[in-house]
Amino acid sequence: MSLSQLSTKHLLGIKYITKEDIELILKTATEFKEVINRPIKKVPSLRDVTIANVFFENSTRTRISFELAEKRLSADTINFSASSSSVSKGETLLDTVNNILAMKVDMIVMRHPAPGAHHFLAKRIDANIVNAGDGTHEHPTQALLDAYSMQEKLGTLENKNVVIIGDILHSRVALSNIFCLQKLGANVMVCGPATLIPRHIASLGVKVEHNVRKALEWCDVANVLRIQLERQDMRYIPSLREYALYFGINKTLLDSLNKEIVIMHPGPINRGVEITSDVADSGQSIILDQVENGVAVRMAVLYLLAGRVG
Ligand code: CP
């Protein structure tokens, strides 16, 4: 595989990488997707690299996907959960990470509830840092795997219409997707109740729509987001039942459109709230393709960042 360089040694967010970086990651992911579909799903590319997966927040998909990506690349991996660590004894983030790095770890994949935690670390440590989600800020590898999955389905994102529906206010997936889709030439709309749409989001160059039917009539792809129950520190919606009624994506609504659109969801799904099972599990849905592609995309990110040490 030819080694081309990213413009950065960290993946802190999609905002901070170029269109060329994104295209290089997606192109490299295609090569790794071929690898993980072989009978022997492993290459020696990162044989001498040690990666720590440092998770201060719960995760199913991202954590397993990174760990598998690392194993498929033959990296050595260690997994760290804040809940079972000395963080509960008061150790700081920087001390925790510096102690992990002292054991000759080369790369940190981190999920943290504080927006900007990765930027804080990037100024203070030498190892490569990959943002696996920082609070309500960015989730860059999710946006990259979403873009990869959309391209796989549509060929190109140039001039395609993508609506992100749901809890935009609390979503790191939304912000990373907006940056990524715009860099790849797509038109982006956000849709949801006014209380769950950030007030100044139109300044990012996205359309804002509060009527789900109109949003679906406009789009080629609908990326449906979870209502983040754990981040609802006040009542943004009267009830989940009302949210499902006015903003939920169901089969009756999709069947009433005069076209077929691609349905996506980053997971985890609240079935029957933002999306019904007959849509999530339908032929229109590429939700499990997103998960499959996540491993190849994360292999590409780790491989390319490892080539950018120093
Ligand atoms: N999509 C996503 O980030 O899922 P997890 O929280 O399970 O990692």
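## A walk through the model, starting at Pro-268

Select Pro-268 and show what surrounds this proline: leaving out residues up to four places away in sequence, Pro-268 touches Arg-61, Arg-226 and Glu-274, where contact means heavy atoms within 4.5 Å. You are looking at a predicted model, in which local features need pLDDT of at least 70 and side-chain atom pairs count only at pLDDT 80 or more, while totals for chains, interfaces and linings use all residues. Residues are numbered from 1 along each chain as its sequence is written, and side-chain values use heavy atoms, with hydrogens and water left out.

Stay here a moment. Pro-268 sits in the loop between β9 (262-264) and α10 (277-280); helices (H or I, at least four residues) and strands (E, at least two) are DSSP runs, numbered from the N terminus. Now look at the backbone just before the ring: the peptide bond from Gly-267 to Pro-268 is cis, with omega near -10°. Is Pro-268 buried or exposed? The answer lies in between: Pro-268 is partly exposed, with a relative accessible area of 39%. On this scale, buried means under 20% relative accessible area, exposed over 50%, and partly exposed in between (1.4 Å probe, protein chains only).

**Next stop: the domains.** Colour 14-138 + 291-307 as domain 1 and 140-286 as domain 2; these bounds come from an automatic or database domain assignment. The C-alpha centres of domain 1 and domain 2 are 25 Å apart. Their contact takes 29 residues from domain 1 and 25 residues from domain 2.

**Then the sheet.** Select β1, β2, β3 and β4. In what order do the strands of this open sheet lie? Reading across, the order is β2-β1-β3-β4, and the pairing is parallel; two strands pair if DSSP finds at least two bridges between them. The edge strands are β2 (76-81) and β4, each pairing on one side only.

In the middle, β1 (residues 50-55) and β3 pair over 5 bridges. Pick out Ala-52, which stands opposite Ile-108 in β3. On the other side, β3 (residues 107-112) pairs with β4 over 5 bridges, and there Met-107 has Asn-128 as its bridge partner. Strand β4 (residues 128-134) is mostly covered, with 7 of its 7 residues buried.

Now add helix α3 (residues 93-101), which lies across β1, β2 and β3 and runs at about 150° to β3. Such angles run from 0 to 180 degrees between N-to-C directions, and the axes are lines fitted to C-alpha atoms, for helices over the stretch in contact. Between α3 and β3, find Lys-104 in the loop. Lys-104 has a phi near 65°, a positive value in a residue other than glycine, and is exposed, with a relative accessible area of 68%.

**Last stop: the cores.** Show Ile-25, Phe-32, Leu-144 and Leu-302, which touch the most other members among the 64 residues of the largest nonpolar core. A nonpolar core is a set of buried Ala, Val, Leu, Ile, Met, Phe, Trp, Tyr and Cys residues joined through side-chain atoms within 4.5 Å. Helix α11 (residues 287-306) gives the most to this core, with 11 residues. The core draws at least three residues from each of domain 1 and domain 2.

To finish, centre on Ile-25. Apart from neighbours within four places in sequence, the contacts of Ile-25 include Leu-6, Leu-144 and Val-301.
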